[in-house]
Amino acid sequence: MEERHEPVSSAISATNFIKTIVAEDLKSKGLKQIITRFPPEPNGYLHIGHAKSICLNFGLAEDFGGHCNFRFDDTNPSKEEAEYVESIMDDVRWLGFDWENRLYYASDYFEQLYDWAEKLIKKGKAFVCDLNAEEIKQYRGTLTEPGKESPYRNRTVEENLDLFRRMRAGEFPDGAKTLRAKIDMASGNINMRDPVMYRIKHEEHHRTGSKWCIYPMYDYAHGQSDSIEGITHSICTMEYEDHRPLYDWYLQELEIYHPRQIEFARLNLSHTVLSKRKLLRLVKEGFVKGWDDPRMPTLAGLRRRGYTPQSIRNFCDRIGVGKKESLVDTALLEFCIREDLNKRARRVMAVLNPLKVVITNYPEGQTELMDAVNNPEDPDAGNRKVPFGREIYIELEDFMEEPAKGFFRLFPGNEVRLRYAYFIKCTNFIKDSKGNIIEIHCTYDPSTRGGDAPDKRKVKSTLHWVSALHCISAEVRLYDKLFLTEDPNTLPEGKDFIEYINPDSLIVKTALLEPSLKESKAGEVFQFERLGYFCVDTVDSLPGRPVFNRTVTLKDEWVKIQNRIHKKQ
RNA sequence: UGGGGAGUCGUCCAACGGCAGGACGACAGACUCUGGAUCUGUUUAUAGGGGUUCGAAUCCUCUCUCCCCAGCCA
């Protein structure tokens with residue numbers, strides 16, 4: 001699974017405001033290197049939004065000569081599970097990033113964090129509060145009104161210390177007490193209204209087991225973890241901007257090394273959702289088949305869909321980094337995977353909607369092996385032989401009884417090329433009782449073997465095909481956008497994002513494939529000529545029975561022409 | 001009505017007092033044994049009003065719009 005990739009071409013990534021800040025800091029603070037970190041909570045799967053953060057943090061470290069730590073932010077035992085730890089590390093490795101020996105857990109710092117909490121108590125900057133959750137909420141005030149001070153706010157240092165130690169010792173039940181910072185209940189910033197530092201949870205932690213029954217809150221743990229690791233730049237998303245004063249306050253009161261927090265806008269991608277809550281609903285309610293369903297924007301899903309690490313890293317470079325809320329068009333992601341696969345995918349022929357063609361003047365029982373190029377973009381990919389015979393299948397869409405305007409594929413009397421084979425001309429067609437075309441008769445020109453006419457005459461179209469006698473069949477899964485609406489997060493009043501799921505986001509077909517595909521291996525990528533890029537599914541394929549996932553279609557001029565005609569009508 | 005943040009082509013990102021540029025998309029053409037790829041070209045933007053300045057997307061000011069914050073979640 002692990003792959004290494006050449007760095008993304010520097011032509012793509014110009015600069016961003018964070019690089020500017022870091023460059024200035026390096027100069028003004030005389031730093032030799034920077035240290036960043038990627039700090040996921042192990043409570044779910046990584047998605048393309050996390051990839052933006054991963055690329056940013058590891059990329060910055062690479063650009064400025066430093067390193068990026070990998071840290072699990074595991075301060076809440078009720079939400080976190082060990083199973084996620086492995087999958088998250090897999091995803092980051094898959095993207096091609098290496099944290100070497102710098103794997104950390106916030107839970108490794110619990111003892112130090114505890115000592116620092118006592119230090120704040122001794123400074124008179126923290127107190128044990130007996131208010132319950134509901135009361136704390138009442139006392140906190142509202143967005144426009146200041147809060148009230150807790151009646152327990154003025155306990156003595158000795159009492160606070162005693163109570164806090166007893167909290168740790170397990171003397172109190174969940175929710176009975178909290179440790180809170182003593183800051184300012186009238187602050188306009190609600191995060192500063194005596195925020196909770198520790199809560200009591202008699203729960204098993206995935207790493208510390210039952211050693212602790214009090215757990216630090218994110219705000220109390222994160223900055224200090226950054227400080228312990230010597231992080232120079234702690235990069236997070238915009239919603240933490242309001243938390244920065246608190247981040248700074250703890251570090252200042254603790255009088256310890258003070259990293260700099262910088263916020264950037266999280267990624268939004270059109271036609272999909274990236275919130276954990278919504279993704280979970282898609283899985284739980286069965287709209288997709290799991291976290292790694294190829295329609296999911298999770299890294300596991302994208303990987304199974306056929307997206308390459310390189311394409312995702314290129315995407316992350318192209319979208320840039322800013323502070324404003326934005327919605328990136330999925331078309332850019334699709335461009336990135338086409339760009340990458342165009343260079344590396346072997347071309348093969350496969351027919352999704354077969355229509356039988358009989359070449360009436362071709363000798364019965366004859367088979368020829370035609371020379372086919374594996375990848376016109378890559379001479380090293382070599383050639384292969386594709387069997388050809390009297391009866392073949394072409395794509396149903398490649399024939400029209402009465403050609404529409406702009407259609408120059410097969411129609412009665414018209415000559416086209418069969419890729420790597422012969423010119424054929426349609427002489428007749430057969431319909432069933434319902435009027436559906438079920439078979440085409442053509443003649444071929446033997447002098448055009450290989451696909452070129454000695455008399456230099458041209459045809460306007462080249463069709464892909466498979467030999468009826470030699471082709472194999474396989475399940476092919478045609479994936480499309482998961483949502484019909486561009487932004488499933490911004491909906492009319494009363495609408496649920498579920499209502500906008502694309503009913504055709506998955507269409508399963510039995511396709512006919514050239515025989516070389518029989519032994520293709522899980523994860524292999526191909527371009528089915530004129531159709532799109534496909535990969536062999538890593539979960540449901542069996543030896544000799546591959547299942548193919550469509551990663552993305554090819555750009556299709558004919559589809560556009562048809563759409564235009566439809567719009568006019 | 002409190003605090004914080006953001007407004008530049010259709011989309012995303014640059015330009016940081018000196019010619020508003022790139023990528024994707026769209027459109028047009030060339031080329032092509034994939035209506036793919038490639039190549040060429042076209043199109044469209046500084047939220048609005050004042051001000052400072054020789055010169056403003058950039059500085060000042062007022063206004064408008066959008067986003068985030070009231071977990072013992074992260």
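A cavity is here a set of grid points, taken over the protein atoms alone, where a 1.4 Å probe fits but cannot get out. In the predicted model examined here, two such cavities reach 30 Å³ or more, and the largest of them has a volume of about 210 Å³. Seventeen residues, given as 17 in the count, line this largest cavity, and T272, R295, R305, T330 and L333 are those closest to its centre. Two elements, α10 (299-305) and α12 (330-344), give two or more residues to the lining, with α12 providing the largest share, namely three residues. When the lining of the largest cavity is divided by class, eight residues are nonpolar, four are polar and five are charged.

The second largest cavity has a volume of about 50 Å³, and its lining consists of Y218, D219, H222, G223, H243, L246, Y247 and Q261. Helices α7 (218-228) and α8 (244-254) each supply at least two of these residues, and α7 gives the most, with four. The class composition of this second lining is three nonpolar, four polar and one charged.

Q261, one of the residues lining the second largest cavity, also takes part in a polar contact of 3.0 Å between its side chain and that of E263. E263 is placed in strand β9 (residues 260-264), and because its relative accessible area is 2%, below the 20% limit, E263 is classed as buried. Beyond the neighbours within four places in sequence, the contacts of E263 are made with F17, C236, T237, M238, Y240, E241, R244 and K323. With R244, one of these partners, the side chain of E263 forms a polar contact of 2.7 Å. By contrast, E159 stands 104 residues from E263 along the chain, and the C-alpha atoms of the two are separated by 38 Å.

The open space of the model was also examined. The second largest pocket holds about 1,100 Å³ of space and is lined by 38 residues, among which R530, L531, L554, D556 and V559 lie nearest its centre. Two or more lining residues are given by each of α12, β21 (472-479), β25 (547-553) and α13, and the largest share, seven residues, comes from α13. In terms of class, the lining of this pocket comprises twelve nonpolar, nine polar and 17 charged residues. Helix α12 thus recurs in the description, as an element of the lining of the largest cavity and of the lining of the second largest pocket.

The surroundings of RNA strand B were treated in a similar way. Around this strand there are 75 residues, of which K324, R347, R409, R417 and G450 come nearest, and sugar and phosphate account for 63% of the RNA atoms that come within 4 Å of the protein. The surface near RNA strand B is made up of 26 nonpolar, 21 polar and 28 charged residues. At least two residues of this surface are supplied by each of α5 (133-140), β6 (196-200), α11, α12 and α13 (557-568), and α13 gives the most, with five residues. Individual polar approaches to the strand include that of T75, from which a polar side-chain atom lies 2.7 Å from a phosphate oxygen, and that of R140, where the corresponding separation between a polar side-chain atom and a phosphate oxygen is 2.9 Å. At G406 the approach involves a base, with a backbone N or O atom lying 2.7 Å from a base nitrogen of RNA strand B.

Two of the helices that contribute to this surface, α5 and α11, can be described further. The N-terminal end of α5 is capped by N132, a side-chain oxygen of which lies 3.0 Å from the backbone nitrogen of E134, whereas the helix is followed by G141, whose phi is positive, near 85°. Helix α11 (residues 309-319) contains S311, which counts as buried because its relative accessibility is 1%, under the 20% limit. Residues up to four places away in sequence being set aside, S311 touches C336, I337 and D340.

Note on methods:
Residues are numbered from 1 along each chain as its sequence is written. Chains are lettered from A and ligands numbered from 1 in the order in which they are written. This is a predicted model: local features need pLDDT of at least 70, side-chain atom pairs count only at pLDDT 80 or more; totals for chains, interfaces and linings use all residues. Side-chain values use heavy atoms; hydrogens and water are left out. Buried means under 20% relative accessible area, exposed over 50%, partly exposed in between (1.4 Å probe, protein chains only). Contact means heavy atoms within 4.5 Å. On a 1 Å grid over the protein atoms alone, a cavity is a set of points where a 1.4 Å probe fits but cannot get out, and a pocket is an open set with protein on both sides within 12 Å along at least five of seven lines; lining residues have an atom within 4 Å of a point. Grid points are joined across faces, edges and corners, and a volume is the space filled by probe spheres set on the points. Ala, Val, Leu, Ile, Met, Phe, Trp, Tyr, Cys and Pro count as nonpolar, Asp, Glu, Lys and Arg as charged, and the others, Gly among them, as polar. A residue is near a molecule or strand if one of its heavy atoms lies within 4 Å of it. A polar contact is a pair of N or O atoms within 3.5 Å; within protein, one must be able to donate a hydrogen and the other to accept it, and residues adjacent in sequence count only if both atoms are side-chain atoms.
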